[in-house]
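Here is a short tour of a protein pair, written for someone meeting such a model early on. Keep the picture in view as you read.

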Amino acid sequence: MTLAVFFGCSFIAFGPALGLCLFSVVREPLRVIILVAGAFFWLVSLLLSSLVWFIAVKASDPGDEPLQKGLLIFGVLFSVLLQEAFRFLYYKLLRKAIEGLVALSEDGCSPISIQQMAYVAGLGFGLMSGAFSMINLLADALGPGTVGIHGDSQLYFLTSAFMTMVMIFLHTFWGILFFHGCETQRWWEMVAVIFTHLIVSGLTFWNPLYLGSLIPSYLLMFATAAWAYVLSGGCTQNLLRSLQGEYLVQPHVQRRSPARDPASEG
Amino acid sequence: MWLGESAALGRVSTICLRISKHSLNIWPHISTVRKALYEKLMMIIFMNSSDSEEEACNERTSLISADSPPAASYQDGLQAPEAAETQTYRKRRTGGSCSPSDADGGNSDSGIPVREIAVDDKEEELTLKYGAKHVIMLFVPVTLCMVVVVATIKSVRFYTEKNGQLIYTPFSEDTPSVGQRLLNSVLNTIIMISVIIVMTVFLVVLYKYRCYKFIHGWLILSSLMLLFLFTYIYLGEVLKTYNVAMDYLTLFFVIWNFGAVGMICIHWKGPLHLQQAYLIMISALMALVFIKYLPEWSAWVILGAISIYDLIAVLCPRGPLRMLVETAQERNEPIFPALIYSSAMVWTVGMAKQDAASRSLTQQTWDSAEDVREIHDNSAYVESEISEARSPAPTHPTTSLLEDLEEEERGVKLGLGDFIFYSVLVGKAAATASGDWNTTLACFVAILIGLCLTLLLLAVFKKALPALPISITFGLVFYFSTDNLVRPFMDTLASHQLYI
């Protein structure tokens with residue numbers, strides 16, 4: 001394990017997310033705040049699910065292996081459900097924030113739309129989730145050691161990095177899908193997000209059979225990406241055009257009908 | 001000996017975003033619809049957090065219309081919508097911080113609650129419009145300070161070694177029983193906090209009796225010590241860690257330049273970014289000293305106790321900090337400051353203006369710039385390092401405010417004590433959380449969110465608020481819960497390579 005492993009894994013895991021951040025989030029203060037708050041919400045959900053798991057483990061017999069395994073599975077499922085619940089709570093909070101921003105703005109137009117918020121919130125969730133999964137591994141990768149010396153897989157760091165990357169992306173797309181489902185009252189979109197999250201987490205139970213966990217996760221990620229892209233108003237023409245170098249920049253700011261006629265002010 | 005430092009620097013720990021005093025005469029025509037919208041906004045914002053948003057409104061209106069001097073002067077100093085012209089005049093006259101002049105202006109507002117609300121509506125809008133930017137302006141330096149502290153803790157062994165304790169925490173924690181250890185840490189905390197209180201009161205007394213030279217000299221002495229001695233020790237330890245040899249001549253040259261430029265930047269004038277960098281560095285140095293010399297349990301109890309003290313000292317009518325603020329306002333002087341980090345960038349966006357207005361604008365710009373410098377100068381005075389009081393100055397997030405109409409770049413000020421204690425929390429988490437980075441990350445996010453919430457409360461309540469309680473509470477909660485609950489869970493998941 002060397003610096004090469006450290007840098008390689010960290011860039012694999014966080015490179016795309018960092019790019020997303022740099023190009024779309026850091027310039028706007030409001031988006032940075034939403035990102036950090038999203039990370040915070042994910043953290044709180046993790047805290048609560050860890051609490052539940054911890055209590056369950058302490059209340060059970062530590063020597064009973066199948067029970068511990070079962071508790072772990074329960075912990076994972078509960079954590080996934082709680083994460084989605086907190087995503088919903090965050091949606092509610094952001095909705096209220098948008099109403100506040102609209103009420104306070106001069107032209108009845110919020111400086112940020114719910115779609116942008118969905119994207120940034122998803123990214124926040126993903127970044128925190130990825131950080132919690134990966135940072136300890138990266139710190140260990142800097143130190144001495146041999147991966148898999150006891151018979152485990154030698155690709156541990158690499159696959160963890162790839163898995164982290166896919167989780168970050170997935171959280172971003174799930175955020176978009178989930179918020180869209182909440183906005184348009186299409187509950188099946190939200191159910192699809194929860195379902196997909198459970199599937200992806202469940203697939204990781206096949207580790208170290210990395211073919212079984214990574215490849216389906218990536219396929220799911222591409223599918224979710226396409227779906228989120230379509231829901232955000234994208235179409236294949238735009239995609240082709242952007243690939244050909246014509247960049248379409250359309251800030252999608254949601255216009256709300258002003259609660260009052262600006263002319264009537266004052 | 002460094003208690004005073006912490007005290008001084010720590011005391012400026014209230015944040016206040018002062019809203020533009022777009023005075024009443026600018027928005028006399030705001031309709032009642034606005035007011036209704038404002039109240040609806042309050043409802044929206046506070047629906048979840050408080051049970052009655054009306055309370056917030058009532059509290060504010062009651063504060064606004066209250067005539068009792070402490071309340072009025074304290075909060076008026078920070079919110080006073082006032083005529084821009086009078087503002088300019090006052091600023092020119094006092095040349096001091098915005099707050100005292102605002103205080104005077106604010107007193108005139110007590111009788112106009114309705115217009116206050118209407119104005120506040122616009123101010124509210126401006127606050128939220130500028131609020132996000134201010135939050136980021138504070139996120140960046142706080143993050144930088146924490147990064148420096150965490151990087152040092154993780155790489156330089158010196159700051160995690162146990163090498164004695166401060167005289168303010170005389171009780172050792174090397175006791176066999178848990179109860180004894182807890183008792184010792186509580187006693188240490190009591191001693192520390194009482195020393196801080198005594199020093200703060202001492203400083204308030206000094207200020208009341210106008211012993212400015214004494215305070216001035218004291219502050220210069222303490223910043224000298226910080227910039228030279230502590231930097232020398234820090235540099236020595238870093239060089240030792242990386243096994244880099246440096247001869248005394250080079251060392252002297254480097255430290256002399258660093259210290260001299262630092263003294264000039266902090267106490268006199270200097271480029272804004274350089275000033276900010278120095279303030280961040282000395283906060284980090286101070287935090288490292290605390291992390292090294294405070295025993296474990298004492299550190300956590302002290303953090304909790306200091307945030308409670310901060311809350312009391314800033315919000316209670318008889319709190320020392322509040323009294324200090326009022327004294328400063330009575331004398332129409334800059335609020336007696338400790339080192340305050342300022343993100344003020346003073347310029348205005350060009351716009352079509354009438355001549356008079358633009359003249360007053362540039363005047364205000366100039367005054368604000370002077371203001372900022374003055375506040376920095378003054379704030380340096382209270383940096384006490386030699387076991388002095390906590391600087392009683394609340395972090396008057398006196399935004400270096402340009403009292404002009406739209407499109408101004410306003411800065412936010414945060415006391416260095418806040419930087420120090422945030423960094424102590426995160427640094428302790430990095431040092432003692434059994435090599436776990438998740439805990440550090442969790443504390444970091446918690447503190448940032450606390451800061452964000454404090455600024456939001458500030459924008460809504462428009463009075464000086466302590467910056468420590470919310471962040472430190474979140475930080476402590478997340479530290480203990482992540483270290484004890486999340487870590488085993490994540491470790492188990494990682495060992496099976498499961499992802500949630």
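How far apart do the end C-alpha atoms of residues 71–90 of chain A lie, and what share of the span is helix? This is a predicted model, and in it those end atoms are 28 Å apart, with 100% of the span in helix and 0% in strand.

The span also appears in a record: the unreviewed UniProt entry lists residues 71–90 of chain A as a "transmembrane region", along with others including 6–25, 32–56 and 191–209. Here are two of these spans side by side.

| Span | Helix | Strand | End C-alpha distance |
|---|---|---|---|
| 71–90 of chain A | 100% | 0% | 28 Å |
| 191–209 of chain A | 68% | 0% | 28 Å |

Now let us turn to where the two chains meet. The size of an interface is often given as the accessible area lost when the parts come together. Chain A and chain B bury about 4600 Å² between them, and 73% of that is on carbon and sulfur atoms. On the chain A side, the residues that lose the most area to chain B are F40(A), L104(A) and F132(A), which together make up 15% of what that side buries.

Counting residues, 55 from chain A are in contact with 49 from chain B. What kinds of contact join them? The rule finds 10 residue pairs in polar contact across the interface, while the count of salt bridges between the chains is 0.

Several helices of chain A, among them α3 (65–104) and α4 (114–142), each supply at least two residues to the side touching chain B. The largest share, 18 residues, comes from α2(A). By type, that side of chain A divides into 31 nonpolar, 18 polar and 6 charged residues.

Note on methods: Residues numbered from 1 in each chain as written. Chains lettered and ligands numbered in written order. Predicted model: local features only at pLDDT ≥ 70, side-chain atom pairs only at ≥ 80, totals over all residues. Heavy atoms only, no water. Contact = heavy atoms within 4.5 Å. Buried area = accessible area lost by both parts, 1.4 Å probe. Salt bridge = Lys/Arg side-chain N within 4 Å of Asp/Glu carboxyl O. Polar contact = N/O pair within 3.5 Å; in protein donor to acceptor, adjacent residues only side chain to side chain. Helix = DSSP H or I, 4+ residues; strand = E, 2+ residues; numbered from the N terminus. Nonpolar A, V, L, I, M, F, W, Y, C, P; charged D, E, K, R; others polar. UniProt positions renumbered as here; feature names shortened; annotations may be inferred.
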